[in-house]
Amino acid sequence: MKKTIERDERGYLIMPDELLEKCAEHFMKIGVRSVSMDDISRHLGISKKTLYQYVSNKGELLAKIIRLKVVHVERDLSAIFSGSSTALTAFMDYSTYPLDSYGWINPKAVYDLKKYYPTAWKIYQDHLEVFTYTIIEANLSRGIKEGLFRKSLCTPVITSIYLRTIVGLFNSNEYPLEKFTPAQVMKDYLCYHLHGICTEKGVKIITAACKEKA
Amino acid sequence: MTQTQQIDISFLDKCLQLFMELGVKSVSMQDVAAATGTSKTSLYDSFSTKQELVDAVINYDFEFVTQNLDRIQKNSSNAIDELLQMSEFIIKRFGQCNPCLLFDLKKYYATSWEKFMQLKQAFMNQHILTNLQRGQAENLYRKDFDEEIISRIYFSKMEAFFDDQVFPQSRFHFVMVHKEYIIYHLRGIASKKGHEILDISLSLKNRIA
């Protein structure tokens with residue numbers, strides 16, 4: 001029996017996640033701007049006519065892709081932050097979360113999205129500024145309550161500093177540090193950040209991990 | 001630039017005070033003449049455009065700041081003391097600044113602003129790096145990080161402090177952000193001994209806290 005194909009309120013077919021994932025791969029490999037709808041339909045093995053039954057244009061397709069990625073990441077991060085025994089373990093688990101799960105965090109793609117595909121860009125921005133900001137700030141507050149982070153921290157300032165740094169670490173223009181690996185830079189920053197926010201109790205927990213090489 | 005050297009330091013200082021109070025856009029050359037007690041004619045003798053005046057004032061400010069930070073570096077008792085004094089100086093200097101000044105510079109004098117930020121960042125980057133090395137040598141900072149990485153991260157924040165999108169003036173005052181950041185930085189790099197010194201410095205002198 002043929003599966004009923006779902007349509008949205010405008011009459012477009014709902015694009016299955018597997019197809020969106022395939023598109024995402026292709027965009028990230030070739031580049032957001034240079035991939036045409038022709039390329040996409042060929043890559044997916046469908047006709048262009050069929051592709052346009054799912055979306056009306058490339059911007060819309062990108063928006064759907066970003067939304068899918070955001071949903072996955074937010075689900076994963078929520079689980080990490082709520083499932084940990086302390087704010088510190090939550091943060092340390094989060095710091096090992098592979099940020100390339102985003103699939104779009106390569107700086108050129110981010111730049112292109114921002115410049116040419118504002119709807120898709122806004123979804124990513126909201127994710128950063130609202131979801132990620134909220135979850136990081138909540139983690140700081142939790143850590144303060146648990147006596148692991150300093151009571152005097154101004155959580156909005158620290159959260160903004162943290163987010164700004166992490167986003168900046170993916171922009172190689174800010175860190176032309178050819179002699180260091182990204183892992184080394186990230187590790188030094190995370191240890192610096194944790195030492196910067198931890199109480200003596202918290203520092204005892206992170207000291208061993210920070211002394212290790214990246 | 002010989003012309004700048006001939007210009008009275010107190011004149012440039014008065015201009016700077018004026019700009020810091022009122023911004024740049026709303027201050028006319030007439031206003032500058034009145035505030036500095038010069039005639040508009042002699043003002044235009046020295047500076048053919050307002051742009052030239054703005055550039056001269058920026059250079060003056062940069063010289064003033066660098067001389068003072070060099071002095072602090074020499075006179076401070078240790079790396080932590082140096083950073084705390086440096087921060088107090090910067091807060092005092094820029095804390096009184098009208099946010100309009102930075103807004104005006106970025107919007108109407110973009111090239112001057114760019115130049116200013118580049119000069120400042122290069123200088124600060126060097127200062128932070130030498131401070132890190134000093135602190136490590138004094139055993140007040142840990143040695144389990146690379147100084148170049150941390151100093152790059154530190155100086156990359158500088159632009160963020162002036163970026164209204166990251167720290168909107170309506171929510172974050174420059175002084176508050178700067179104080180918070182210095183403590184975060186010092187706690188981030190301090191050794192056990194460094195933390196002890198920091199605890200004493202911050203509470204005894206009731207400094208930045």
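1. Let's start with a pocket: about 530 Å³ of space lies in the second largest one. Here a pocket is an open set of points on a 1 Å grid over the protein atoms alone, with protein on both sides within 12 Å along at least five of seven lines, and a volume is the space filled by probe spheres set on the points, which are joined across faces, edges and corners. Its lining has 20 residues, and Glu200(A), Val203(A), Ser191(B), Lys192(B) and His195(B) sit closest to the centre; a lining residue has an atom within 4 Å of a point.

2. A word on ground rules: this is a predicted model, where local features need pLDDT of at least 70 and side-chain atom pairs count only at pLDDT 80 or more, while totals for chains, interfaces and linings use all residues. Residues are numbered from 1 along each chain as its sequence is written, chains are lettered from A and ligands numbered from 1 in the order in which they are written, and side-chain values use heavy atoms, leaving out hydrogens and water.

3. Back to that pocket, where α10 (200-211) of chain A and α11 (192-204) of chain B each supply at least two lining residues. α10(A) gives the most, with 5 residues. (Helices are DSSP runs of H or I, at least four residues, numbered from the N terminus.) By class, the lining of this pocket splits into 3 nonpolar, 5 polar and 12 charged residues.

4. Now the interface: 28 residues of chain B are in contact (heavy atoms within 4.5 Å) with 31 residues of chain A. About 2600 Å² is buried between the two chains, with carbon and sulfur atoms giving 64%; this is the accessible area (1.4 Å probe) lost on putting the two parts together, summed over both. Ile149(B), Glu180(B) and Tyr184(B) supply 27% of the area that chain B buries against chain A, more than any other three residues.

5. There is 1 salt bridge between chain B and chain A, in which the side chains of Glu148(B) and Lys179(A) meet at 2.6 Å, N to O. (The rule wants a side-chain nitrogen of Lys or Arg within 4 Å of a carboxyl oxygen of Asp or Glu.) On the chain B side, α9 (147-161) and α10 (174-189) each give two or more residues, and α10(B) gives the most, with 10 residues.

6. Finally, the largest cavity has a volume of about 180 Å³; a cavity is a set of grid points where a 1.4 Å probe fits but cannot get out. Of its 15 lining residues, Leu16(B), Ile58(B), Asp61(B), Leu101(B) and Leu105(B) lie nearest the centre.

Definitions and conventions
Nonpolar A, V, L, I, M, F, W, Y, C, P; charged D, E, K, R; others polar.
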